[in-house]
Amino acid sequence: MFGAFAVAAAVAILLVMPPMTTPVSAQWTVLPSGPLGPADHDLLVKVRQAGLWEIPVGRWTAERAESQRVKEVGEHLVEDHTKLDAVTRQYAARLGVALPDEPSPEQQSWMAQLAAESGPAFDRDFANLLRAAHGKVFSVVAGVRAGTRNSEIRKFSQHAVNVVMKHMTLLESTGLVDYDQLPEPPTPSATPPAPAAVDPRRQP
C-alpha cells in the first residue's frame, strides 16, 4: 500500500514540476582557472555593453556639454572605458565568452535621449543617467567578485569594480546628481543583534 502511494506521489510531482530546458551543468564550463558560470558570462557582457554606450556619450560632452566639469568627466570616461573594453575583450577571448557588439536596448534609449539634448539639460541627464547606470553595474561586478569560482574573473572583476567606483565618484563631482532619484540601498535581511551588556564588575 505504501509503495503504491509513493509511486503515485512521485508521478504527481513530475507532472507538476516544469521541464528543465537547460541542464544546470551545461551552464558551467570547467577551465584551468576554475569553473566559469552564468554570472561570470553576464559580467563580461555587461562591462562590454557599458563601454559601448559610455565611450560615445563621453565623447559627446566635448560639443554638447556646457559645464566644464562634465566635459572633464566625459574625457575620463572615454579614456577609462577604452582601456577597460580592451581588457574585457582579452579576458572574454581567453575564457571563450562571446561578447555583444552593441549596447542593450535600454542603453540605446539613453543614448537617444542624450543625442537630442545640449547645454544644461544634457549636463543634468548625462550625470544622472550615467550615475544610475554605474550603480547598477557596480552591484553586478561586486556580486560576482564576492562569489566567483574562476580566478580569471576574480582578477577581472577586481579591476572593473575599481573603474566603476572611480566613475561614480567623478560623476558625483559634477554636483548634478539627484540622489533622491537613485534606488534605495537594499533593506537588511535581519536586524543585527544588540551588543551584549557589559558587566561593570568585569572591567579592568
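## A briefing on a helical chain

α3 and α6 pack with their axes 10 Å apart, at an angle of about 170°. That angle is over 145°, the cut-off for the term, so α3 runs roughly antiparallel to α6. Please keep in mind as you look around that this is a predicted model. The chain has six helices and two strands, and α6 will keep coming back in the points below.

**The chain as a whole**

- Following the sequence from its start, you will meet the pattern α-β-β-α-α-α-α-α.
- The chain has 204 residues, and 36% of them count as buried.
- Take the contacts between residues at least 6 apart in sequence: 79% of these join residues at least 24 apart.

**Where α3 meets α6**

- On the α3 side, the residues that meet α6 are R69, V73, H76, L77, D80, H81, L84, V87, T88, Y91, R94 and L95.
- Facing them from α6 are E152, I153, K155, F156, H159, A160, V163, K166, H167, L170 and L171.
- Sorted by class, the residues of this contact between α3 and α6 are 12 nonpolar, five polar and six charged.

**Where α2 meets α6**

- Two packed helices are described by the angle between their axes and the distance between the axes.
- For α2 and α6, the axes come within 11 Å and cross at roughly 35°.
- The crossing that α2 and α6 make is left-handed.
- D40, L43, L44, V47 and E54 are the α2 residues in this contact, and they meet I153, F156, S157, A160 and H167 of α6.
- The contact of α2 with α6 is made of six nonpolar, two polar and two charged residues.

**Where α4 meets α5**

- Helix α4 covers residues 105-115, and its axis comes within 10 Å of the axis of α5.
- The two axes cross at roughly 165°, so α4 and α5 are roughly antiparallel to each other.
- α4 passes α5 in a left-handed crossing.
- From α4, the residues E106, W110, Q113 and L114 take part, meeting F122, D125, F126, L129, A133 and K136 of α5.
- By class, six residues of the contact between α4 and α5 are nonpolar, one is polar and three are charged.

**The nonpolar cores**

- In soluble globular proteins, nonpolar side chains tend to be buried together.
- In this model the largest nonpolar core holds 18 residues.
- Which residues have the most contacts inside this core? They are L43, L44, V47, V141, I153 and F156.
- Two or more residues of this core come from each of α2 (38-64), α3 (68-95), α5 (119-147) and α6 (151-172).
- α6 gives the most to the core, with six residues.
- Another core, of 16 residues, lies apart from this one, and M111, L114, L170 and L171 are among its members.
- F156 is a good residue to zoom in on: leaving aside its neighbours within four places in sequence, F156 is in contact with L43, L44, V47, L84, V87, T88 and Y91.

**Three residues to find for yourself**

- Start with Q107, which you will find in helix α4.
- Is Q107 buried or exposed? Its relative accessibility is 10%, so Q107 counts as buried.
- Beyond the neighbours within four places in sequence, Q107 is in contact with Q49, A50 and W53.
- Q107 and E54 are 53 residues apart along the chain, while their C-alpha atoms are separated by 9.0 Å.
- Next comes F138, a residue of helix α5.
- F138 has 26% relative accessibility and therefore counts as partly exposed.
- V161, V164, M165 and M168 are in contact with F138, once its neighbours within four places in sequence are left aside.
- F138 and N162 lie 24 residues apart in sequence, with 9.4 Å between their C-alpha atoms.
- Finish with R124, which also has its place in helix α5.
- R124 has a relative accessible area of 42%, so R124 is partly exposed.
- Although 54 residues separate R124 and V70 in sequence, the C-alpha to C-alpha distance is 9.2 Å.

Notes. Residues are numbered from 1 along each chain as its sequence is written. This is a predicted model: local features need pLDDT of at least 70, side-chain atom pairs count only at pLDDT 80 or more; totals for chains, interfaces and linings use all residues. Side-chain values use heavy atoms; hydrogens and water are left out. A nonpolar core is a set of buried Ala, Val, Leu, Ile, Met, Phe, Trp, Tyr and Cys residues joined through side-chain atoms within 4.5 Å. Buried means under 20% relative accessible area, exposed over 50%, partly exposed in between (1.4 Å probe, protein chains only). Helices (H or I, at least four residues) and strands (E, at least two) are DSSP runs, numbered from the N terminus. Contact means heavy atoms within 4.5 Å. Axes are lines fitted to C-alpha atoms, for helices over the stretch in contact, and angles run from 0 to 180 degrees between N-to-C directions. Angles under 35 degrees count as roughly parallel, over 145 as roughly antiparallel, 65 to 115 as roughly perpendicular and the rest as oblique. A crossing is left-handed if the near helix is turned anticlockwise from the far one by less than a right angle, and right-handed if clockwise. Ala, Val, Leu, Ile, Met, Phe, Trp, Tyr, Cys and Pro count as nonpolar, Asp, Glu, Lys and Arg as charged, and the others, Gly among them, as polar.
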